[in-house]
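Open the model in your viewer and keep the selection panel at hand. The stops below go from enclosed space to open space and then to the surface.

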Amino acid sequence: MRPPVILKTNSLSDSYSSPCDRRLNTLARHFIPVLEPMASNDNISASPTAASDSVFNHLVRAPEDPILGVTVAYNKDPSPVKLNLGVGAYRTEEGKPLVLNVVRKVEQQLINDLSRNKEYIPIVGLADFNKLSAKLIFGAESPAIQENRVTTVQCLSGTGSLRVGGEFLAKHYHQRTIYLPTPTWGNHPKVFNLAGLSVQTYRYYAPATLGLDFEGLLEDLGSAPSGSIVLLHACAHNPTGVDPTLEQWEQIRQLIRSKALLPFFDSAYQGFASGSLDADAQPVRLFVADGGELLVAQSYAKNLGLYGERVGALSIVCKSADVASRVESQLKLVIRPMYSSPPIHGASIVAAILKDSDLFNEWTIELKGMADRIISMRQQLFDALRSRGTPGDWSHIIKQIGMFTFTGLNSKQVSFMTNEYHIYMTSDGRISMAGLSSKTVPLLADAIHAAVTGGV
């Protein structure tokens with residue numbers, strides 16, 4: 001070991017230095033002698049990867065998400081007339097994101113309330129939010145709520161609610177197969193596969209009629225093994241916009257109950273489809289009324305515009321209050337290692353709106369305004385295609401409901417419209433009606449007309 005380093009000082013210079021300098025010299029004389037010299041670099045063994053490839057070098061670049069990738073491509077396009085119809089988010093007539101006035105008002109109230117804090121909330125989330133979310137989807141007078149047969153936990157929007165529900169079922173339900181409609185939201189298979197469930201499909205959409213394949217649906221669910229889980233879109237089916245009638249829902253309910261299948265509703269658009277919160281919840285309430293068990297994933301992304309706040313809920317309707325309590329205890333064990341507890345801000349906004357009658361009424365007015373604008377865009381696009389004499393029956397545009405329209409365009413026609421008209425959508429021809437405006441409908445109609453008549 002080398003001898004310690006000694007700081008040499010000049011006593012004469014010390015006598016004329018400032019008090020600060022003298023203190024620094026004193027500190028240096030105190031510390032430097034006890035410092036060990038740095039070990040020689042020769043004694044440090046090289047990392048196994050220091051002179052070789054990264055341990056992650058074997059990875060290939062993952063493809064863009066087929067939905068989110070549309071926006072990536074759109075953002076790279078320098079065209080001044082480009083149009084993005086792939087994004088699943090509401091836009092104003094001016095093409096801008098919308099924050100509801102009622103949300104702004106409540107946020108200001110929350111900011112002004114100095115008694116609020118940022119402490120962790122319980123694993124299951126805010127109690128008021130959970131209670132009010134259950135009432136919103138099931139109805140305030142629901143027997144399941146009155147009998148305490150419902151357990152509700154706050155989750156990370158609809159996606160998180162589906163994932164928590166999927167993992168709970170994979171751990172505690174005797175069947176691990178879930179049936180998804182064809183087609184369905186692109187994230188559904190990934191969510192349930194990663195949750196530990198085996199994914200199967202049932203027929204839903206009939207390309208020939210651009211409507212519901214009801215006979216195929218009944219046949220496939222009728223042949224599903226007893227006890228299988230069935231994912232159902234509560235309203236505004238994504239991506240087709242094709243929903244069963246109430247009479248068809250009743251037949252679906254009877255079949256599911258007779259086969260002892262377990263319904264799992266994905267409710268991402270309550271109130272956003274028809275403009276009525278109660279009307280859009282009718283299919284779910286139909287199943288709750290028979291006393292059977294079911295799961296519902298709720299999202300407040302669309303109907304309250306809280307996309308980035310990630311606000312959602314998972315509700316499980318059980319046979320008894322005792323079972324519901326035990327189910328909640330197990331849901332906590334799913335959530336705790338996943339994200340520990342949910343965020344507080346968005347759920348506080350929702351709870352404040354749902355429990356105040358004036359704020360709630362204000363929300364329903366704004367919600368209907370969004371739904372009505374989308375319905376208007378459907379009518380305008382249909383009229384524009386008809387006025388151009390575009391070949392085909394485009395009535396499915398006004399028959400479908402919700403944010404999306406399944407146009408019936410094929411992938412080559414979609415590519416043509418992107419390359420020639422700078423219009424972006426998913427390759428299956430799904431377009432977001434909320435991304436349209438009165439100014440852009442003519443451009444879209446021209447592009448569809450050109451794609452169809454050009455033999456693409």
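**Cavities, pocket, patch**

Searching the whole structure, which is a predicted model, turns up two cavities of 30 Å³ or more.

Start with the largest cavity, with a volume of about 40 Å³. Select Pro181, Tyr202, Tyr204, Leu217, Leu232, His233, Pro244, Trp249 and Ile252 to show its lining. Eight of these residues are nonpolar, one is polar and none is charged. Colour strand S7 (229–233) and helix H10 (246–258) as well, since each gives the lining at least two residues.

Next, select Leu136, Ser267, Gln270, Gln298, Ser299, Tyr300 and Asn303, which line the second largest cavity. The volume here is about 30 Å³. This lining has two nonpolar residues and five polar ones, with no charged residue.

Now move to the largest pocket, which holds about 630 Å³ of space. To centre the view, pick Gly88, Thr159, Trp185, Asn238 and Lys302, the residues nearest the pocket centre among the 31 that line it. Which helices should be shown with the lining of the largest pocket? Helix H3 (68–76), helix H7 (157–172) and helix H8 (187–195) each contribute at least two residues to it. By class, the lining of the pocket comprises twelve nonpolar, 13 polar and six charged residues.

Finish on the surface by selecting Val55, Phe56 and Leu59, a nonpolar patch with about 340 Å² of accessible area together. Phe56 sits in the loop that runs between helix H2 (19–31) and H3. Is Phe56 buried or exposed? Phe56 counts as exposed because its relative accessibility is 57%, and the cut-off for exposed is over 50%.

Terms used:
Residues are numbered from 1 along each chain as its sequence is written. This is a predicted model: local features need pLDDT of at least 70, side-chain atom pairs count only at pLDDT 80 or more; totals for chains, interfaces and linings use all residues. Side-chain values use heavy atoms; hydrogens and water are left out. On a 1 Å grid over the protein atoms alone, a cavity is a set of points where a 1.4 Å probe fits but cannot get out, and a pocket is an open set with protein on both sides within 12 Å along at least five of seven lines; lining residues have an atom within 4 Å of a point. Grid points are joined across faces, edges and corners, and a volume is the space filled by probe spheres set on the points. Helices (H or I, at least four residues) and strands (E, at least two) are DSSP runs, numbered from the N terminus. Ala, Val, Leu, Ile, Met, Phe, Trp, Tyr, Cys and Pro count as nonpolar, Asp, Glu, Lys and Arg as charged, and the others, Gly among them, as polar. Patches are made of residues with over 30% relative accessible area and no salt bridge: like charges are joined within 9 Å, nonpolar side chains (Val, Leu, Ile, Met, Phe, Trp, Tyr) within 5 Å. Accessible areas come from the Shrake-Rupley method with a 1.4 Å probe; for residues, only the protein chains shown count as cover. A salt bridge is a side-chain nitrogen of Lys or Arg within 4 Å of a carboxyl oxygen of Asp or Glu. Buried means under 20% relative accessible area, exposed over 50%, partly exposed in between (1.4 Å probe, protein chains only).
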